[in-house]
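Reader: Please take a close look at a single part of this model and describe it in one connected account. I would like the cut-offs stated as you go.

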Amino acid sequence: MKIQEDARYAKSDEWARAEGGVATVGVSDYAQQKLGDVVFVGEISVGATVKAGEILTSVESVKAASDIYSPVSGKVVAVNHEVIAKPELINADPYGAGWLAKIELSAPEELNTLMSAPDYAEYRKE
Amino acid sequence: MANVLRTPLYDQHVKLGATMVEFAGYEMPIQYTSIIEEHNACRTAAGLFDVSHMGEIEVEGPDAEKFVSYISTWDASLLEPYEVKYAEFLYPEGTVVDDFFIYKYSSTKFLLVVNAANYDKDLAWVAGHKLGDVTITGATAKYAEIALQGPKAEDILKGMTPADVVELGYFRFLETTVGERRCIVSRTGYTGEDGFEIYCRPEDAVFLWNATLDAGKPYGLLPNGLGARDTLRFEVCYWLYGHDLDNTITPLESGQNFLISWDHDFVGKSALLAMKERGVPRKWIGVKMNSRAIPRNGFDCLAGSPEAPVKIGYVTSGNYCPTLGGSYALCMVEKDAVKAGDTVFIPIRGKIEAGIVVKRPFMQPKAGHKHDR
């Protein structure tokens with residue numbers, strides 16, 4: 001299981017990496033492994049307001065459909081259209097090309113409630 | 001999980017790093033690495049499946065042929081020795097108890113291979129219809145089974161057995177040895193590819209599994225889990241009991257006229273004749289979805305105007321098709337509701353997704369004859 005050092009993690013296996021008040025979010029390597037081959041990413045709307053812990057979108061793998069929760073609160077300012085066209089990017093590169101959305105943080109302090117990389121590694125230790 | 005069974009190959013799956021799930025009362029591998037990678041290996045090279053969970057029922061005795069015919073949609077007397085036939089047990093109402101394979105050794109000896117989830121039910125049903133001088137034996141514990149499927153299956157198997165598997169016809173079987181272990185080998189499968197199903201003694205299963213993996217490695221063989229087994233069968237629209245077939249569906253509705261021989265008497269026949277007489281109310285259609293969202297079993301299938309579509313049936317199976325690169329559905333719908341080329345709508349997780357009615361199967365099986373017409 002790969003862990004991205006500079007990201008913070010939700011218990012539901014999403015990650016957020018903040019830079020200048022905007023967080024890039026995606027799902028962790030652990031999550032993509034559990035999902036299996038992702039073949040569909042549901043729409044995410046630019047401009048939509050999301051809350052930490054609420055559904056950001058859903059993904060479908062050959063095995064099942066799964067909800068993806070936003071790890072932070074704020075406004076969606078960018079969506080990764082490439083991952084919607086090529087969902088397999090989530091499996092290939094969950095912390096890079098497989099990012100889902102950029103969210104302008106309305107409550108930056110929420111990041112402190114997410115797990116650090118070492119804590120997440122411990123949390124998902126098999 | 002109480003009383004969950006394991007096949008003789010359980011330890012091999014764990015060793016290969018498989019994700020194990022409970023299926024039909026067994027702990028089975030759903031995938032080893034990736035469902036799509038395994039699927040593609042089977043379509044382009046070969047896949048190896050543990051199907052030891054399948055149930056076996058032996059029927060022997062002077063009246064075996066008469067009895068098997070009476071409980072099957074197909075007349076067993078039409079089969080030659082060492083021929084295999086796909087058939088169904090029906091309830092008197094004409095709906096499906098199970099779909100299964102008849103292996104005919106002779107008119108006095110048959111092997112019936114049924115779905116794992118239905119094994120107990122089938123055994124009780126078969127025994128409950130016993131007729132004449134026959135012995136019915138629930139024999140699933142006597143058999144392990146592996147399926148070797150794909151365009152390279154023949155090349156892999158022919159080096160492992162003295163039998164002439166190259167000349168073995170589709171839906172034919174023989175008794176031989178593979179890796180010097182006694183086996184039954186049939187040219188059958190559930191993937192749409194050419195391939196073989198190999199029945200052996202449970203104590204030989206680990207050896208055969210590993211010997212086949214080794215022999216297949218140079219050809220690109222991969223172990224395939226239940227996930228790939230499902231996507232492979234789905235692309236060629238082979239029926240899955242519990243989804244596409246059940247005790248509410250008749251074979252006339254599921255497009256399976258080809259597994260009924262009408263010149264013999266069998267349980268459920270009069271109900272089928274009555275349904276034919278008054279008109280078959282539903283049909284089983286294929287749908288290609290416009291998006292990659294996946295319709296799942298039980299979702300509604302709608303048709304009509306996009307603003308106010310009405311329900312015409314439901315999804316029996318739906319999945320992403322790795323070879324075709326899109327999401328598809330199989331739906332049981334009212335007979336006259338739609339035709340090929342029409343648009344249907346399937347609500348998926350709160351959003352209405354559109355699809356086009358297309359011909360079944362989504363892709364033609366390469367193995368043997370066409371299953372559907």
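Author: What follows looks at strand E17 of chain B, then at the interface beside it and at other strands of the two chains.

This is a predicted model, in which local features need pLDDT of at least 70, side-chain atom pairs count only at pLDDT 80 or more, and totals for chains, interfaces and linings use all residues. Residues are numbered from 1 along each chain as its sequence is written, chains are lettered from A and ligands numbered from 1 in the order in which they are written, and side-chain values use heavy atoms, with hydrogens and water left out.

Strand E17 of chain B covers residues 310–321. Helices (H or I, at least four residues) and strands (E, at least two) are DSSP runs, numbered from the N terminus. Nine of the twelve residues of E17(B) are buried, where buried means under 20% relative accessible area, exposed over 50%, and partly exposed in between (1.4 Å probe, protein chains only).

Two strands pair if DSSP finds at least two bridges between them. E17(B) pairs with strand E16 (residues 300–303) of chain B in the antiparallel sense, over four bridges. Within this pairing, Val310(B) in E17(B) stands opposite Ala303(B). The hairpin of E16(B) and E17(B) has six residues between the strands, and Gly304(B) takes a positive phi near 110 degrees there. E17(B) is also joined to strand E18 (residues 326–334) of chain B, by eight bridges and again antiparallel. Tyr328(B) in E18(B) is the bridge partner of Asn319(B). Four residues lie between E17(B) and E18(B) in their hairpin, and Gly325(B) in the turn has a positive phi of about 70 degrees.

The interface comes next. Contact (heavy atoms within 4.5 Å) links 16 residues of chain B with 17 residues of chain A. The two chains bury about 1,300 Å² between them, 50% of it on carbon and sulfur atoms; buried area is the accessible area (1.4 Å probe) that two parts lose on being put together, summed over both. In chain B, Arg292(B), Arg296(B) and Arg349(B) lose the most area to chain A, together 44% of what that side buries.

A salt bridge is a side-chain nitrogen of Lys or Arg within 4 Å of a carboxyl oxygen of Asp or Glu, and the rule finds four across the interface of chain B and chain A. Arg349(B) meets Asp67(A) in a salt bridge of 2.5 Å, N to O. Strand E3 (26–31), helix H2 (35–44) and E17 of chain B are the elements that give two or more residues to the side of chain B that touches chain A.

Elsewhere in chain B, strand E7 (residues 96–106) holds Asp99(B). Asp99(B) is buried yet has no salt bridge; the nearest side chain of opposite charge is Arg233(B), 8.7 Å away. Lys and Arg count as positive and Asp and Glu as negative, while His and the chain ends are not counted. Strand E7 of chain B also contains Ile102(B), which is buried with a relative accessible area of 0%.

In chain A, an open sheet of six strands has the order E1-E2-E3-E9-E8-E5, with antiparallel pairing. Its edge strands are E1 (8–9) and E5 (49–50), each pairing on one side only. E1(A) is joined by two bridges to strand E2 (residues 14–19) of chain A, where Ala16(A) stands opposite Arg8(A).
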